[in-house]
Amino acid sequence: MAMPLATEKEYALRLDAADPLAAFRGRFYIPENMIYLDGNSLGLMSAEAEQGIAQIMKEWRGKGIGGWLEGAPPWFYLAEELGAMIAPLVGAIPESVVCTGSTTVNLHALAASFYKPVGRRCKILADELNFPSDIYALKGQIALRGLNVQDCLLLAPSGDGRFLDEARLEEAMTDEVALILLPSALYRSGQLLDMPRLTRKAHERGIVIGFDCSHSVGALPHYFDEWGVDFAFWCGYKYLNGGPGSPAFLYVNAAHFGGAPMLTGWFGCRKERQFNMELEFHPAKGAGAWQISTPCILAMGALRGALGIFREAGIAAVREKSRQLTEYFILLADLLLPEHVYGVRTGTPREPERRSGHVALEGGEHMAAVNHALKARGIVPDFRPPGIIRFAPVALYNTFYEVWKTVHTLKTILDNGEYKKYSAGRSVVA
Ligand SMILES: *Cc1c(COP(=O)(O)O)cnc(C)c1O
């Protein structure tokens, strides 16, 4: 029997039939009649996440405050337990990771400790393509030190508004830089930065470096300990499927254990001393010291369920399928939507090791309307200005057939002009 062409449905179905992770899709609630490709913004709910929350509710109902020590596992240790669960996904010892706060709050908590401007070495190096919230936080941290934001925040430029060049980032690592904060993967283009190389170069120049890994944890493996990254943080609601507003994570390299957290709070105490209610702060030994306040146990229940699935699937298998899904997407876009005809092009690196879990298609101003038209047909990617639609085929619950169907539908919408019925504006939550 002849092998079908990549553009034929049969080809996608064969890839699905050979997919070792196919069974995991059944663990998720896939909204009816929907092709959901927005797991890089909000991952879908799994039965395990639902059960995880239900379990905490049951413990609260049955035990009241007793759940702090009698929950299974005890709520008092849940933040550390979730840190230990996710540690293998990021290549860290369990004590280096804790579940706490939220993304931007964790950046503040970490920058408060790791940004130590001294004399000439007083600047923070970030990049102009970063997620705005991270930049707001860095500006606040500089202003808090009584320094001038204009002088002290260096935003490495991107040549093309799409990608960052590691060599140019290295050039910007001067002896005036005290701290570097970069994303692991860019939220629009999906470019994955070379974290080990950047960490090595930063350390050669005596600069502390941290990464916002919101767009890569859960999509691919990381090796923070091996790379020597000083700190990192990431959210729980994108590829990790922890639910809307899920608690986030932070990582602190063991080399910094014992360093002083600056946004201190009682949940950063050594567990056995926390309820001594002493006015002197005795920090926990590991990353737990950077916790501030009572965690949202309910939300952690969902996250715990969601993380259990990763333990079963294995992050290497997740990365392999994710890579194949994005590769198939790019191939179909090349074959079905040639740029000279459709004015649409792939804005994500073509080398698989240089991209994370989504594909960005760039077009003109009409892409917001195209995004609306896709949604009207039950396909849910997301739109980011200017003119970018992001498609995240997620390894744990998307199929090759869905990728096939999406690119074909996109072609139909562009061919028949159906998108012209829709407004060019984006939604309030894009
Ligand atoms: C998703 C994301 C955020 C979101 O910040 P919250 O504090 O969770 O609202 C921040 N930074 C990056 C890079 C992100 O991808």
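**Cores, cysteines and ligand shell in a predicted model**

The largest nonpolar core has 92 residues, and those with the most contacts inside it are Trp 234 and Phe 249. This is a predicted model, in which local features need pLDDT of at least 70 and side-chain atom pairs count only at pLDDT 80 or more, while totals for chains, interfaces and linings use all residues. Residues are numbered from 1 along each chain as its sequence is written, and side-chain values use heavy atoms, with hydrogens and water left out.

User: What makes a set of residues a nonpolar core, and which helix gives the largest share of this one?

Analyst: The term covers buried Ala, Val, Leu, Ile, Met, Phe, Trp, Tyr and Cys residues joined through side-chain atoms within 4.5 Å. The largest share of the 92-residue core, eight residues, comes from helix H4 (residues 78-90). Another core, of 33 residues, lies apart from it and includes Phe 329 and Ile 389.

User: Why is Cys 99 called buried?

Analyst: Buried means under 20% relative accessible area, exposed over 50%, and partly exposed in between (1.4 Å probe, protein chains only). Cys 99 has a relative accessible area of 0% and is therefore buried, and Cys 213, also at 0%, counts as buried by that rule.

User: Why is Ala 54 called partly exposed?

Analyst: The relative accessible area of Ala 54 is 42%, so this residue is partly exposed. Ala 54 lies in helix H2 (residues 47-63).

User: How do you know that Cys 213 is in no disulfide?

Analyst: A disulfide is a pair of cysteine sulfur atoms within 2.5 Å. The closest cysteine sulfur to that of Cys 213 is in Cys 235, at 10 Å, which is too far for a bond. A search of the whole structure finds zero disulfides; Cys 99, for instance, has its nearest cysteine sulfur, that of Cys 296, 9.6 Å away.

User: What makes Thr 104 a polar contact of the ligand?

Analyst: A polar contact is a pair of N or O atoms within 3.5 Å; within protein, one must be able to donate a hydrogen and the other to accept it, and residues adjacent in sequence count only if both atoms are side-chain atoms. An N or O atom in the side chain of Thr 104 is 2.6 Å from an oxygen atom of the ligand, which meets that cut-off. For Lys 238 the side-chain distance to a ligand oxygen is 2.4 Å, and for Asp 134 the distance to a ligand nitrogen is 2.9 Å.

Conventions:
Helices (H or I, at least four residues) and strands (E, at least two) are DSSP runs, numbered from the N terminus.
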